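Here is a walk through a structure you may not have met before. Take a look at it first, then read on with the strands in view.

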Amino acid sequence: IIGSDGITLDGNGKTFTGQDWQFGHSLSVIDKSNVTVKNFQFTKSYYGPLFVISDSSGVIVSGNTFAGIRGGLKIMDDSSNVQVTQNTFTSGSSSITTYDTGTGISITGNTINDVGAGFELTQIRSDIPVTFTGNTINVGNNGRGLGVYPVSGTGSEQVGAHTISSNTFSGSGSNTVGIIFFNSGSNTLTGNTFNGLNHAID
């Protein structure tokens with residue numbers, strides 16, 4: 001757990017190995033501001049996020065690699081002004097998840113690779129606009145590149161206004177989807193590329 005504001009952690013290639021889920025995440029930023037985490041290699045062999053950002057602002061996550069199964073980075077609980085950029089995820093479903101976030105969440109220029117677990121590689125579950133642009137998402141069997149939901153789940157509430165632009169979604173295998181929307185309206189989609197998928201948008 002990062003214990004102070006205004007900290008920069010430069011891993012310089014250091015490996016951060018997560019323990020079993022019951023012992024917590026590899027790294028947590030909780031109720032902090034102006035924190036940068038860069039150049040780490042995060043790895044684990046359990047289900048659940050490697051790195052959690054909660055109730056924090058001004059966080060930059062850059063130049064890291066995430067490897068494992070079902071879970072990479074989770075941004076949640078009113079966190080705001082978080083930049084996730086130029087990271088590589090090979091952690092299958094939930095590689096990047098936003099949940100009930102505040103303003104200024106930006107996910108740009110990342111590479112996200114499926115490991116064959118199916119489900120959604122990335123998920124926006126927010127009623128406040130998120131920017132998702134310039135990412136490369138490689139989807140495997142039964143996978144979805146990006147799922148977009150209201151915080152409440154898949155109910156009747158219509159929210160959105162997310163910007164999803166200039167991403168490349170590629171698929172291999174069966175039952176692959178680029179982007180899937182659940183009761184999320186008024187989003188802006190521009191300049192996205194879809195290759196080899198069964199369905200580009202659902």
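Start with β9 and strand β12 (residues 96-99), which pair in the parallel sense through four bridges. Within that pairing, Ile75 has Thr98 in β12 as its bridge partner. Keep in mind as you look around that this is a predicted model.

On to the link between β9 and β6. Strand β9 covers residues 73-76, and four bridges join it to β6, again with the two running parallel. Here Val52 stands opposite Lys74 in β9.

Now have a look at Tyr99, which is found in strand β12. Is Tyr99 buried or partly exposed? Its relative accessibility is 31%, so Tyr99 counts as partly exposed; the buried label needs a value under 20%. Which residues does Tyr99 touch, once those up to four places away in sequence are left out? They are Lys74, Ile75, Met76, Asp77, Arg125 and Val151. Two of these names are already familiar: Lys74 is the residue opposite Val52, and Ile75 is the bridge partner of Thr98. Tyr99 and Ser126 are 27 residues apart in sequence, while their C-alpha atoms are 5.6 Å apart in space.

Next comes a sheet with a longer list of names. Eight strands form an open sheet in the order β1-β4-β7-β10-β13-β16-β20-β24, and the pairing is parallel. Why do β1 and β24 each have one side without a neighbour in the sheet? β1 (8-10) and β24 (188-190) stand at the edges and have a single partner strand each, so one side of each is left free of a neighbour there. On average, neighbouring strands of this sheet are turned by 5° against each other, direction ignored. As a general point, strands of a sheet pair through backbone hydrogen bonds, either parallel or antiparallel.

The table goes through some of the pairings in this sheet, each with a pair of residues that face each other across it.

| Strands | Bridges | Residue pair |
|---|---|---|
| β1 and β4 (residues 33-38) | three | Leu9 and Val37 |
| β4 and β7 | five | Val37 and Val61 |
| β7 (residues 57-62) and β10 (residues 80-85) | five | Ser57 and Ser80 |
| β10 and β13 (residues 105-108) | three | Gln83 and Ser106 |
| β13 and β16 (residues 130-133) | four | Thr108 and Thr133 |

Val37 turns up twice in those rows: it is the partner of Leu9 in one pairing, and it has Val61 in β7 as its partner in another.

Staying in this sheet, pick out Val59, whose place is in strand β7. How buried is Val59? Its relative accessible area is 0%, so Val59 counts as buried. Leaving aside neighbours within four places in sequence, Val59 is in contact with Val29, Val35, Ile53, Asn81, Val82 and Gln83. Gln83 is also the residue that has Ser106 in β13 as its bridge partner. Val59 and Ser95 are 36 residues apart in sequence, and their C-alpha atoms are 18 Å apart in space.

As for charged pairs, how many salt bridges does a search of the whole structure find? It finds one. In it, the side chains of Glu120 and Arg144 meet, with 2.9 Å from N to O. Glu120 lies in strand β15 (residues 119-125) and Arg144 in strand β18 (residues 143-149), so the pair ties together parts that are 24 residues apart in sequence. How do the two partners sit with respect to the surface? Glu120 is buried, at a relative accessible area of 7%, whereas Arg144 counts as partly exposed at 29% relative accessibility.

One last stop is out on the surface. Which residues form a nonpolar patch there? Tyr47, Ile69 and Val115 do, and together they have about 260 Å² of accessible area. To find one of them, go to the loop between β5 (41-43) and β6 (51-54), which is the place of Tyr47. That brings you back to β6, the strand that four bridges join to β9.

Methods
Residues numbered from 1 in each chain as written. Predicted model: local features only at pLDDT ≥ 70, side-chain atom pairs only at ≥ 80, totals over all residues. Heavy atoms only, no water. Patch = residues over 30% accessible without salt bridge, like charges linked within 9 Å, V, L, I, M, F, W, Y side chains within 5 Å. Areas by Shrake-Rupley, 256 points an atom, 1.4 Å probe, with all protein chains shown as cover. Salt bridge = Lys/Arg side-chain N within 4 Å of Asp/Glu carboxyl O. Pairing = 2+ DSSP bridges. Axes fitted to C-alpha atoms, helices over the stretch in contact; angles between N-to-C directions. Buried < 20%, exposed > 50% of the residue type's maximum accessible area, 1.4 Å probe, protein only. Contact = heavy atoms within 4.5 Å.
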